[in-house]
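Colleague: I'm new to reading structures, so can we go through this one together? I'd like to know how each label gets earned.

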Amino acid sequence: MIFDKVLEIYQKYYICVHCLGRMFSLLGTNTTNYERGNSLLLSITMENHRNFFKGDDSLQKEAINNLNLLAENAIYYPAQKVLTNEGLDFVKNDSNQVCYLCHNIFNDIQKYVKKAEQILEGFEFNTFLIGSSPESQIINREDKFKSEFNLLEAESFKSHFNRVLGKVLMKSIKKLPEFNIPDVLIIYSLSFETFNIELVLKSLFIFGRYNKLIRGIPQTHWFCRKCMGKGCELCDNTGKQYLISVEDLISPEFLKESKAKDSKFHGAGREDIDVRMLGSGRPFIIELRNPKIRNLDLEKIERDINKSNRKKIRVQNLRYSSKKEVIRLKTNAKDTKKVYKAIVKSKDKISKKSFKQKFLKLKNKFENQEIFQRTPNRVSHRRADKIRKKIIYEITGKFIKTDIFEFRIITQGGTYIKELISGDEGRTSPSFSEIFETPLVCKELDVLEISL
Ligand SMILES: [Zn+2]
Ligand SMILES: [Zn+2]
């Protein structure tokens, strides 16, 4: 019998109406725990009020006992009123009694709402979700309580708190709750005495294409090899292997405008440090973590980045993106076609006529053919040694001097161009050097186009 259970609880503890309702949360739907708790207390009061009138002596005595319990231990006003009206005495306990289970957290929910409103001031978002982590004392006490009274239909403290707070906050800040991926996750750390709020903001993703107009800078931030970013003599206390990177030049403007805590740069593949990225640029997505502002003026950001980095890098086609697109960007990078321009130096001098003959042979050998590349010597310390099969689509060649030639090469993404030219001591075969029957070295390389 539920009524007996409630009376049994109040013989030992004072708990508030919210917590009482929570203990029977799985029973009766479409109502609140507060309503549940109140209905229980009222029904028990009514039942005992009736027994008081209609019962025999022993029933009447039991009714008075029960009403007393509700009046004194549950501090339930209607029970107190019944006793007063019947001219019966009871001890009037302090109405600010502390709930054994929640320390009156649920009676003071506005305090929690107000703090969230303050903290959220100045943040741009449309959807939110409440999360909470009550300290172990709260959880343990409640677990013991439930097993002491064998309460099997209770809801957890957490989900009760999250729901109640979400409902009130939704009305006060006029934003929608979102249970899947909210713009803002508002996490309460709760103890009986105090609480803290931490915000977790959904990352913002911006797609764009970048050009790298100079040689000698990497795509992303590289930490100093020796100190790993702490700063040492080798890196002049900068913590960096290279002073600037494409990422370093692009991200500050985004961080400033979005007021994000930090960012991550995702490129669709990368070019070597000494390779320029020309043409319509390489696709990238910048991930802004914990952004305070979500509605960005992307045209302004594009203008500002390009203005302050003139002749170094350029960005274009900025638009909003998603985490899904980051994954697509990474997996599709292998399937792109790339157009390169290579300036090549030959060890032996070759006449223009001989160049033409050799180039014809090169075209026949490579165009629309597969080549096999073992992991190049220069990256073998950080990449697994394996053999990659790549397709060369098209090559054009230009004689510049007897030992300098220019090639335009269209290949499958991920082809090692420098090694395709040099042969990398036989690790790439066939190679341009093989066909020209003299060592060739790529002196300058540019990516002219990437098609996704
Ligand atoms: Zn309570
Ligand atoms: Zn260092």
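Modeller: Sure, and keep in mind that this is a predicted model. Let's begin with how helix α6 sits: residues 109–120 lie across β3 (184–190) and β4, with the helix running at about 40° to β4.

Colleague: What makes β1 and β2 a pair?

Modeller: The rule asks for at least two bridges between the strands. Two bridges join β1 (residues 127–134) to β2, so they count as a pair. The two strands run parallel, and threonine 127 stands opposite leucine 176 in β2. Helix α8 (residues 157–173) packs on the sheet here, touching β1 and β2, and its direction makes about 145° with that of β1.

Colleague: Why are β2 and β4 called edge strands?

Modeller: Look at the order of this open sheet: β2-β1-β3-β4, with mixed pairing. Both β2 (176–177) and β4 (195–201) pair on one side only.

Colleague: β2 looks really short to me. Why does 176–177 still get called a strand?

Modeller: A strand needs at least two residues in its run, and 176–177 meets that, so β2 qualifies. Overall, the chain has 14 strands, plus 14 helices.

Colleague: How do you know that the chain isn't one compact globule?

Modeller: Compare the radius of gyration: a compact globule of 452 residues would have one near 22 Å, but this chain has 36 Å. The C-alpha atoms also fill a box of roughly 125 × 40 × 40 Å. On top of that, the centres of domain 1 and domain 4 lie 88 Å apart; the assignment puts those domains at 2–85 and 336–451.

Note on methods
Residues are numbered from 1 along each chain as its sequence is written. Chains are lettered from A and ligands numbered from 1 in the order in which they are written. This is a predicted model: local features need pLDDT of at least 70, side-chain atom pairs count only at pLDDT 80 or more; totals for chains, interfaces and linings use all residues. Helices (H or I, at least four residues) and strands (E, at least two) are DSSP runs, numbered from the N terminus. Two residues are in contact if their C-beta atoms, placed from the backbone, lie within 7 Å. Axes are lines fitted to C-alpha atoms, for helices over the stretch in contact, and angles run from 0 to 180 degrees between N-to-C directions. Domain bounds come from an automatic or database domain assignment. The radius of gyration is taken over C-alpha atoms; the globule rule is 2.2 Å times the number of residues to the power 0.38.
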